[in-house]
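Biologist: Before we discuss labels, please put the model on the screen. I would like to ask what stands behind each term you use.

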Amino acid sequence: MIRALPGVMSAALLLCMTAAGAASAPPDLTGIWTMQANGKAGAALNGVGDFQATAPFTPLAKGKVAEYHSLVDATGDSPGAHCVAGGMPIAVFLSGGYPVEFVQRPEQLIILYEGHSEVRRVFLDGRKIDPADLLPTRGGTSWGHWEGNTLVVETISLQESIDQPTVHSENARIVERYTPRTEGGLRRLHVEVTIHDPAFYTKPPVLTRDYTQLVEGRMLDYNCPESDWVEYLDKLREAKER
């Protein structure tokens, strides 16, 4: 019987382990994405369309939505007009065309939305956070795991949000599914968003979009608050000169 040399066995084992690791590695979603199907930067689908006209709202949600619109419809006001970021899940729909950048690391996916400079961290390392340490915010706290080729993200610890089309209560749980593919020579990312919120919806609404990797271009600064700050300084100067 021919015996393999120890060094040969080690090299063969390492090669097998490397191949197995590569086969099981999740897709890398790193890149800048847009909702333009041709991969170009520019305006695209705006928000979620007529979602509120067909959403399966509960009576509680209908009352809150009606009260909110009675306040702002006459002026056309919105959070964005006051430099307030949309939060989840409306951020997923890219504010009508602003790109989003994914930076994927083993322990987390960092999502950078150009619109309002929103930043999300999706923890991928299975970490646990004491619920007492979760601070409700517009963006919530997100964890993710892989189901085959699909990244599944769950977001909780949200503030009640009535001032976005995809309204939700503070107890909402939002689940996103990101599935990459290649089509027409371009990288695509199918996005599915489900809002689990029995207080606001009689059944969980599901919204979908498709991202395409940006062909050329880069993320830009979003300086929404700057004009307000400049105007404020001008008012201080005027008051000083009186």
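## Terms and the values behind them

Modeller: Tyr98 has a relative accessible area of 33%, so Tyr98 is called partly exposed. The model is a predicted one.

Biologist: What makes Tyr222 partly exposed rather than buried?

Modeller: Tyr222 has a relative accessible area of 21%. Buried means under 20%, and exposed means over 50%. The value for Tyr222 falls in between, so the label is partly exposed.

Biologist: Why is the contact of Tyr98 and Tyr222 called edge-to-face?

Modeller: The ring centres of Tyr98 and Tyr222 are 5.3 Å apart, and the planes make an angle of 80°. Rings pair if their centres lie within 6.5 Å, and planes over 60 degrees apart count as edge-to-face. Both conditions hold, so the pair of Tyr98 and Tyr222 is edge-to-face.

Biologist: How do you know that this pair links distant parts of the chain?

Modeller: Tyr98 is in the loop between helix 3 and strand 2, and Tyr222 is in the loop between strand 9 and helix 4. They are 124 residues apart.

Biologist: How many aromatic pairs are there by this rule?

Modeller: The count is seven. Among them is the pair of Trp33 and Phe102, with 6.5 Å centre to centre and 55° between the planes.

Biologist: Why is the pair of Trp33 and Phe102 called tilted?

Modeller: Planes under 30 degrees apart count as stacked, and over 60 as edge-to-face. The 55° of Trp33 and Phe102 fits neither class, so the pair is tilted. Trp33 lies in strand 1 and Phe102 in strand 2, so the pair ties together parts that are 69 residues apart in sequence. Trp33 and Phe102 are both buried. Ring pairs also link Trp33, Phe102, Tyr178 and Tyr211 into a cluster.

Biologist: Which residues have the most contacts inside the largest nonpolar core?

Modeller: They are Val92, Val100, Phe102, Tyr178, Tyr201 and Tyr211, in a core of 40 residues. Elements that give two or more residues to this core include helix 3, strand 2, strand 7, strand 8 and strand 9.

Biologist: What does Val92 touch, leaving out residues up to four places away in sequence?

Modeller: Val92 touches Tyr113, Arg120, Glu176, Tyr178, Val191, Val193 and Tyr211.

Biologist: Turning to the backbone, what makes His116 stand out?

Modeller: Phi of His116 is near 60°, a positive value in a residue other than glycine. Most residues other than glycine have a negative phi. His116 is in the loop between strand 3 and strand 4. Phi of Ser157 is also near 60°, and Ser157 is in the loop between strand 6 and strand 7.

Biologist: Why are His116 and Ser157 called buried?

Modeller: The cut-off is under 20% relative accessible area. His116 has 19%, so His116 counts as buried. Ser157 has 12%, so Ser157 is buried as well.

Biologist: Why is Lys128 called exposed?

Modeller: Exposed means over 50%, and Lys128 has a relative accessible area of 78%, so the label applies. Lys128 is in the loop between strand 4 and strand 5. The C-alpha atoms of Lys128 and Trp143 are 9.3 Å apart, with these positions 15 residues apart along the chain counted as their separation.

Biologist: What makes the peptide bond from Met88 to Pro89 cis?

Modeller: Omega of that bond is near 0°. Most peptide bonds are trans. Pro89 is found in the loop between helix 3 and strand 2.

Biologist: What is the volume of the largest pocket, and which residues lie nearest its centre?

Modeller: The volume is about 570 Å³. Of the 28 lining residues, Ser78, Ile90, Asp163, Gln164 and Pro165 lie nearest the centre. The lining divides into 11 nonpolar, 12 polar and five charged residues. Helix 3 gives the largest share, three residues.

Biologist: Which element gives the largest share of the lining of the second largest pocket?

Modeller: Strand 4 does, with five residues. That pocket has a volume of about 260 Å³ and a lining of 13 residues. Val119, Arg120, Arg121, Gly139 and Gly140 lie nearest its centre.

Terms used. Residues numbered from 1 in each chain as written. Predicted model: local features only at pLDDT ≥ 70, side-chain atom pairs only at ≥ 80, totals over all residues. Heavy atoms only, no water. 1 Å grid on protein atoms, 1.4 Å probe; cavity = no way out; pocket = protein on both sides within 12 Å on 5 of 7 lines; lining within 4 Å. Points joined across faces, edges and corners; volume = space filled by probe spheres on them. Helix = DSSP H or I, 4+ residues; strand = E, 2+ residues; numbered from the N terminus. Nonpolar A, V, L, I, M, F, W, Y, C, P; charged D, E, K, R; others polar. Buried < 20%, exposed > 50% of the residue type's maximum accessible area, 1.4 Å probe, protein only. Core = buried A, V, L, I, M, F, W, Y, C linked by side-chain atoms within 4.5 Å. Contact = heavy atoms within 4.5 Å. Phe/Tyr/Trp six-rings, centres within 6.5 Å; stacked < 30°, edge-to-face > 60°.
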